[in-house]
Amino acid sequence: MNGKDRIARHLNLGISDRTPVMCQLSIGHYFLHSGIDPVEIWFESGAFAEALVNMADRYSFDGVLINLPGRSDVYKNSVKEIQRSHDEIKVIWKNGHYTILPFDDNPHYYTPAGERIFPTFDDIDPEQLYYVEPWDVTEVKFPFFWGFDEHREKSDFFPDYHFDTIRKVKSLAGNRLSVHSEVFSPWSQFLELLNYENALMAIMDDPIKVKVILSQLTEGTIDLAKKQALEGVDAILISSAFAGAGLISRDQYNEFVLPYEKRIISEVRQTSDVPVYTHTCGSIGDRLDLMLETGTRGIDTLDPPPLGTVDLAEAKQFLSGKVFIKGNIDPVNTLLYGSREDIISDVTRRIQTGKPGGGYILSSACSVAPHTPPEHIMLLAELAEQHGKY
Amino acid sequence: MENTEKELFSQLAQAVIEGKQEITVALTNELLTLGTEPKRILDEGLMPGMEVVGIRFRDNIIFVPQVLISARAMKSSLAILEPLLSKSDISGAGTIIIGTVKGDIHDIGKNIVAMMLRSSGFKVVDIGIDAKVEKFLLTAEQEGAQILGMSALLTTTMGYMKTVVTRVRDDKLPYKIMVGGAPISRQFAEQIGADGYARNATEAVAMAKKLMEEFKTAS
């Protein structure tokens, strides 16, 4: 049985030959460990696809999550100069702005004054919103456009190259690995657009306007998810990183997250069988029931204490037979800083808890940290072979 | 007059609790017009309000959005009061330099901790994000600080906290050091030699008070 089939069984709440393994790796981990130049990984669809598949093979993962949009080669025309130092790469653009690519972390785009640009809440006219791609080459803008100057109508908002990474990954390994794409939840897009703090205050200042904004972003998200489904992905992940109790209450989740994610999932389901599941970091132990109400097919990360609040046994008992679950291995205290013995103990315990009855993918909670030793990650598949057989 | 002041202090505290920025500013100005000492506006209006916010946040009654608008309200009032307060009024409980460490641009957690510390009587000098050891030390010297507070959200940046701790120890500087942030644990804080760790803003206030006592005892 290959990884694609193995994960498919669990997405459908079944069992397979053994517990599948699939972690999201941080971008910094690809930079440090893939052997591919960070500039190529960040700016080129083909290079990122190769990094995804190479690293999945290296760690014997059963699937990959494509968590960057496809890129256009046109970016090269905008480069003025690339400067490399011992700890970062600086890409200076012809417009005077620049992108810093640390060797071990996510890049960011800056103005000549060294600032990142965010609109204010008052700047936002909801009618002009459709989808905000935080990882566009030039990050968030309002109104949003792609790259440096590519303005597109809502009727044809997503450029064809946006799907190039999916196509490349599928051509490299689509017959043997489970290929998952990503859309940002409207709530995540809103927080990225206003830079977190202003967005969080906005829900107190003008909740009605926020809901109009979220509704607009929902339309674009549905469009993107449907297009990804047409590309033949095996699952779509809704990245809803800021919806845990570390930031918002259950009531606020109910008001600003749930209805929009529910609509996305419902709309995709009407035209496609591709499962849509949800990635929410941090403390979600108090809202698993609300996440279920979105109609999600699976819940990802399930951060354990101290990073989050999810006890895997409790979550398994509550969610079993309803949705698949993925995650719960502490990426910091276990995978990054833990000893080999710590990892074996923690991971074995999780396999024993998550495996019964299927619908469980062994994974780190949230992404694998950049400096996590590769041999620590390799242990996951080894332990799944040893202890995860059905 | 006394009753009027008392009522206005109560209204001011309530405005802070509810994050009503305009009302907070209006009440601050009204109290000043009545001749109320700025220090009393801080101690009897703003700080009791933020104390309630801190307790409700600790007990999961309110969440980050509510805390942020309360902090915004208090900040607007402080902008009026600070030029009128003496240096000792501002730094009554101690002076803390707070920042998100080099390489890290996340600041919500750090901002909430800063706000809670301010509302507990500390003078907090926020050096922002992506802060290098030199910035921590230079600001600490300029401000006569007793405590350095470091925040990190990323596993790639949390290691920089050790750089700051090591520099402080090597240079035999007197500062107490506290750390926090999503990936930080008590164990990590101990490993790098920090004096204190706080899991959240409420714990950070308690830890800062403890470290201030230790600082005074040591000096």
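**A core, a sheet and a contact between chains**

In this predicted model, the largest nonpolar core has 185 residues, and those with the most contacts inside it are B:Met161 and B:Met178. Domain 1 (2-88) and domain 2 (91-218) of chain B both give residues to this core, so the core lies between them. As a general background to such a feature, nonpolar side chains tend to be buried together in soluble globular proteins.

B:Met178 offers a way into the surroundings of this core. Leaving aside its neighbours within four places in sequence, B:Met178 is in contact with a run of residues from B:Asp195 to B:Ala198 that takes in B:Gly196 and B:Tyr197, and its other contacts include B:Ile147, B:Gly149, B:Ala204, B:Met207, B:Ala208 and B:Leu211.

From there the reader can turn to the sheet of chain B. This is an open sheet of five strands, with the order 2-1-3-4-5 and with parallel pairing. Strand 2 (123-126) and strand 5 (196-197) of chain B stand at the edges, and because each has a single partner strand, one side of each is left without a neighbour in the sheet. Strand 1 (residues 95-100) of chain B runs parallel to strand 2 of chain B and is joined to it by four bridges; B:Ile96, for instance, has B:Val124 in strand 2 of chain B as its bridge partner. Helix 10 (residues 201-218) of chain B lies across strand 1, strand 3 (147-151), strand 4 (176-180) and strand 5 of chain B, and runs at about 165 degrees to strand 4 of chain B.

Chain B also touches chain A, in a contact that takes 17 residues from chain B and 22 residues from chain A. On the side of chain B that touches chain A, the elements that give two or more residues are helix 4 (64-81) and helix 6 (108-118) of chain B. Helix 4 of chain B gives the most to this side, with six residues. The residues of this side of chain B divide into nine nonpolar, seven polar and one charged.

Within chain A, A:Val137 deserves a separate look, and it is found in the loop between strand 5 (108-110) and helix 5 (164-173) of chain A. A:Val137 counts as buried because 22 other C-beta atoms lie within 10 Å, where the cut-off for a buried residue is 20 or more. Not counting residues up to four places away in sequence, A:Val137 touches A:Phe43, A:Arg71, A:Tyr75 and A:Gly147. A:Val137 and A:Ser72 are 65 residues apart in sequence, while in space they are 9.6 Å apart, C-alpha to C-alpha.

Definitions and conventions. Residues numbered from 1 in each chain as written. Chains lettered and ligands numbered in written order. Predicted model: local features only at pLDDT ≥ 70, side-chain atom pairs only at ≥ 80, totals over all residues. Buried ≥ 20, exposed ≤ 12 C-beta atoms within 10 Å, placed from the backbone. Contact = placed C-beta atoms within 7 Å. Nonpolar A, V, L, I, M, F, W, Y, C, P; charged D, E, K, R; others polar. Core = buried A, V, L, I, M, F, W, Y, C linked by C-beta atoms within 7 Å. Domains from an automatic or database assignment. Pairing = 2+ DSSP bridges. Axes fitted to C-alpha atoms, helices over the stretch in contact; angles between N-to-C directions.
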